[in-house]
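Student: I'm new to this one and would like a close look at a single part, with enough of the surroundings to see where I am. Could you walk me through it?

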Amino acid sequence: MRRRAAALGNWFHNIDLGGVSTAPDHFLGDYPSVKWRRFAHAVPQDLSGRSVLDIGCNGGFYAIEMKRRGAARVLGIDSDQDYLAQARFAAEATGQDIEFRAMSVYDLGTIGERFDIVLFMGVLYHLRHPLLALDLIHEHVAEDMLIFQSMQRGKPQIAPVRENFDFWDTAPFDDAGWPKLHFIEHRYAQDETNWWVPNRACAEAMLRSAGFAIEAHPEEEVYVCRRVDAPQGAGAVYPARENRA
């Protein structure tokens, strides 16, 4: 088991495969189990009969946990073939029947299916178009619950935001609690795929603006949301494509 896990390369998910840890020296510790333990209570213990979509499933940790709670169907998607190979191996090693597909979050419309629970964990800040991704989740795959997590930076306080501001009222933008999405032009944490990092106010505002009502905030970076009607003007915007007929 140890040799097979090592042959699949470096793991970001530390998963216990019958006493074999896939990432025992993870810089975040026993990750993502250490985070999961802080919000697992906010996820239904019994998922019997429910369907789950894990977007950006990585090595499969959360997909496996959903299946362990009895989910009838779990689909994990990721654009990285190496992560998908790890996830398939981890599911096999833990005896969980999980489907995995190579797919980008921007292609969610091709699934043609809605899921009772959608996991969107640690993906937002890796995307060039983060709000589009939330819009696509709302429009195409979320039926009820969204479990969302994002790295956050900046002050944790949230400034009160009115429905409208005068053009000359610039002071709110200097408030540490104003929703801010920090852009990373080059790299952060040696990772060129880290593009955006929201502060707490921004993460919550983006969820609401895409049509997700926040029901619980069980961990500093994790939100449990319900799909509701999107605000006026929201919705996925698609790029124009040349007609090659």
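Tutor: Let's start at S51: leaving out residues up to four places away in sequence, S51 touches R73, R114, F115, D116 and I117. Keep in mind that this is a predicted model. S51 belongs to strand β3, which covers residues 51-55. Is S51 buried or exposed? Its relative accessibility is 12%, and buried means under 20%, so S51 counts as buried.

Now go along the chain to N58, which sits in the loop between β3 and α3, a helix covering 61-68. N58 isn't a glycine, yet its phi is positive, near 55°. That's worth a pause, because most residues other than glycine have a negative phi. N58 is also buried, as its relative accessible area is 10%.

For a contrast, jump to Q190, in the loop between β8 (181-183) and β9 (196-198). Q190 also has a positive phi, about 60°, without being a glycine. This time the relative accessible area is 68%, and the cut-off for exposed is over 50%, so Q190 counts as exposed.

There's another backbone feature to find at P32, in the loop between β2 (20-21) and α2 (33-39). The peptide bond leading from Y31 to P32 is cis, with omega near 10°. As a rule, most peptide bonds are trans.

If you'd like to see two strands side by side, try β10 (residues 212-219) and β11 (residues 222-227): they pair in the antiparallel sense over 5 bridges. A hairpin of 2 residues links β10 to β11. To line them up by eye, find A213, which stands opposite R226 in β11.

Finally, zoom out. The protein chain has 6 helices and 11 strands, and its C-alpha trace spans about 65 × 45 × 40 Å along the principal axes. Its radius of gyration is 19 Å, which agrees with the value near 18 Å for a compact globule of 245 residues. Of those 245 residues, 45% count as buried, S51 and N58 being among the buried ones. Take the contacts with a separation of 6 or more: residues 24 or more positions apart account for 62% of them. On the outside, the chain exposes about 13,100 Å², with carbon and sulfur atoms supplying 49% of that. As for charge, you can look for 26 positive and 34 negative side chains, and the centres of these two sets lie 4 Å apart.

Note on methods
Residues numbered from 1 in each chain as written. Predicted model: local features only at pLDDT ≥ 70, side-chain atom pairs only at ≥ 80, totals over all residues. Heavy atoms only, no water. Pairing = 2+ DSSP bridges. Helix = DSSP H or I, 4+ residues; strand = E, 2+ residues; numbered from the N terminus. Buried < 20%, exposed > 50% of the residue type's maximum accessible area, 1.4 Å probe, protein only. Contact = heavy atoms within 4.5 Å. Rg over C-alpha atoms; globule rule 2.2 N^0.38 Å. Areas by Shrake-Rupley, 256 points an atom, 1.4 Å probe, with all protein chains shown as cover. Lys, Arg positive; Asp, Glu negative; His and termini not counted. Charge placed at Lys NZ, Arg CZ, Asp CG, Glu CD.
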